[in-house]
Amino acid sequence: MIKTETIWHNGVLKPWEQDTTHVLTHTLHYGGGAFEGIRFYNTAKGPAIFRLEPHIDRLIYSSETIGMKLPYSRDELCQAVVDTVKSNGLDSGYIRPLTFFGYSELGVSAKNNPVEIIIANWPWGKYLPHDMVDIKVSKYRRISPKSTVIDAKICGHYVGGILSTIELQDTHYHEALFLDHEDNIAEGAGENFFIVKDNVLSTPSLGHILPGITRATIIEMAKHYGYQVKEEKITIEQALQADEAFFCGTAVEVTPIKTINDQTIGNGQIGKVTQFIKTTYENTVRGKNPDFEHYLTFVK
């Protein structure tokens, strides 16, 4: 991580080195926080934040699911993100808003703990720095929708992702793929999943996955340009018979998948549909696609 000058914390831009919190902070012990990952890109009109409002909407929703009432409005939080990006003077990078229960009392209930919000940003390149990735079905499962609020982006949900990365250490695999509680494909450790068969895109349906904002973007883009998209249950067997497969997400953007459990998808090359989606997405986030310029919030 490359540090920047400031972090927005509870309404104040603080020097990076000075923005600290107490070791008895409630969320540090119990995982009861919510976060977002947002990217901003260099465009001809200057830095542009991609899909800021949907990210903030989801941050508010996720926070509320764990009983956290944020002391800032949607518009105030959006402006805080813009102010943070502007204060650090970067052309492109990654933004991390985080809401968490602060230091007051320990015990599972967090109702008497203060609500804290930080927004940080820093330079960040590719999350999976490979043209195509080899992935493995994890022995761990995506959390059951009967165990949690499955569509919220809650900090504690990502313990499974940590376990899956440990599972892949010292192997040739680049990322893990989770099945859900019904043995269907759910998502990656930090990504949504698509396959392509006969030029039709399919992605796991909602209800057992995180409804990714990049996922929603790709569905809208694909339909706009004439592709059929299905949201449905997908088995491993279906994925292995697909012509193409890819991950998507704020961090990974659009990352083609070469193999699943060492079985090659399609011909092992980036397929034409995946390449179209990847190129269209990259042009969009960099302000080169007028069809979807409304996705961008320009930092001025």
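Let me begin with a term: a residue is called buried when its relative accessible area is under 20%, exposed when that value is over 50%, and partly exposed in between. By that rule Glu182, with a relative accessible area of 43%, is partly exposed. Please keep in mind throughout that the structure before you is a predicted model.

I shall stay with Glu182 and turn to the salt bridges. The count for this model comes to 11 salt bridges, and I have chosen three of them. Glu182 forms a salt bridge with Lys233, the side chains meeting at 3.3 Å from N to O. Glu182 lies in the loop between β9 (175-179) and β10 (185-188), whereas Lys233 lies in the loop between β13 (229-232) and α6 (236-240), so this pair ties together parts that are 51 residues apart in sequence.

The second salt bridge joins the side chains of Asp243 and Lys197, at 3.8 Å from N to O. Here too distant parts of the chain are linked: Asp243 is in the loop between α6 and β14 (244-249), Lys197 is in strand β11 (residues 192-197), and 46 residues separate them. Asp243 is partly exposed because its relative accessibility is 31%. Lys197, with a relative accessible area of 37%, is partly exposed as well.

The third pair is Lys3 with Glu17, whose side chains meet in a salt bridge of 2.3 Å, N to O. Lys3 belongs to the segment before β1 (6-9) and Glu17 to the loop between β2 (12-15) and α1; the two residues are 14 apart, and the pair again links distant parts of the chain. Glu17 has 55% relative accessibility and therefore counts as exposed. As a general remark, side chains of opposite charge can pair when their charged atoms come close.

Helix α6 deserves one further comment. Glu237 is found in this helix, and Glu237 is exposed, since its relative accessible area is 56%. In sequence Glu237 stands 52 residues from Ile185, yet their C-alpha atoms are 9.9 Å apart in space.

I now move to strand β12. Are the residues of β12 buried or exposed? Five of the five are buried, so the strand is largely enclosed by the rest of the structure. Burial applies to both of its faces: Val200, Ser202 and Pro204 cover one side, and Leu201 and Thr203 the other.

Which strands pair with β12? On one hand there is β11, which pairs with β12 in the antiparallel sense over three bridges. Lys197, which we met in the salt bridge with Asp243, has Val200 as its bridge partner in β12. The strands β11 and β12 form a hairpin with two residues between them, and Asp198 in that turn has a positive phi of about 55°. On the other hand there is β13, which pairs with β12 in the parallel sense over four bridges. In that pairing Pro204 stands opposite Glu232 of β13.

Within this strand I would draw your attention to Ser202, which is found in β12 (residues 200-204). Ser202 has 7% relative accessibility and so counts as buried. What joins the side chains of Ser202 and Glu232? The answer is a polar contact of 2.9 Å. Leaving aside neighbours within four places in sequence, the residues in contact with Ser202 are Phe193, Phe194, Ile195, Lys230, Glu232 and Ile234.

Next, a point of backbone geometry. Arg51 is not a glycine, yet it has a positive phi of about 55°. Arg51 sits in the loop between β5 (46-50) and α2 (52-65), and with 14% relative accessibility it counts as buried. Glu253 likewise has a positive phi, of about 60°, although it is not a glycine. Glu253 has its place in strand β15 (residues 253-260) and counts as buried at 10% relative accessibility.

Finally, the surface. Val23, Leu24, Leu28, Tyr30, Tyr103, Leu106 and Val108 make a nonpolar surface patch of about 740 Å². One of these residues, Tyr30, is placed in helix α1 (residues 26-30). Tyr30 counts as partly exposed because its relative accessibility is 43%.

To close, I would return to two features of this predicted model. Strand β12 has both faces covered by buried residues. The salt bridge between Glu182 and Lys233 ties together parts that are 51 residues apart in sequence. Thank you for your attention.

Methods. Residues numbered from 1 in each chain as written. Predicted model: local features only at pLDDT ≥ 70, side-chain atom pairs only at ≥ 80, totals over all residues. Heavy atoms only, no water. Patch = residues over 30% accessible without salt bridge, like charges linked within 9 Å, V, L, I, M, F, W, Y side chains within 5 Å. Areas by Shrake-Rupley, 256 points an atom, 1.4 Å probe, with all protein chains shown as cover. Salt bridge = Lys/Arg side-chain N within 4 Å of Asp/Glu carboxyl O. Buried < 20%, exposed > 50% of the residue type's maximum accessible area, 1.4 Å probe, protein only. Polar contact = N/O pair within 3.5 Å; in protein donor to acceptor, adjacent residues only side chain to side chain. Contact = heavy atoms within 4.5 Å. Pairing = 2+ DSSP bridges.
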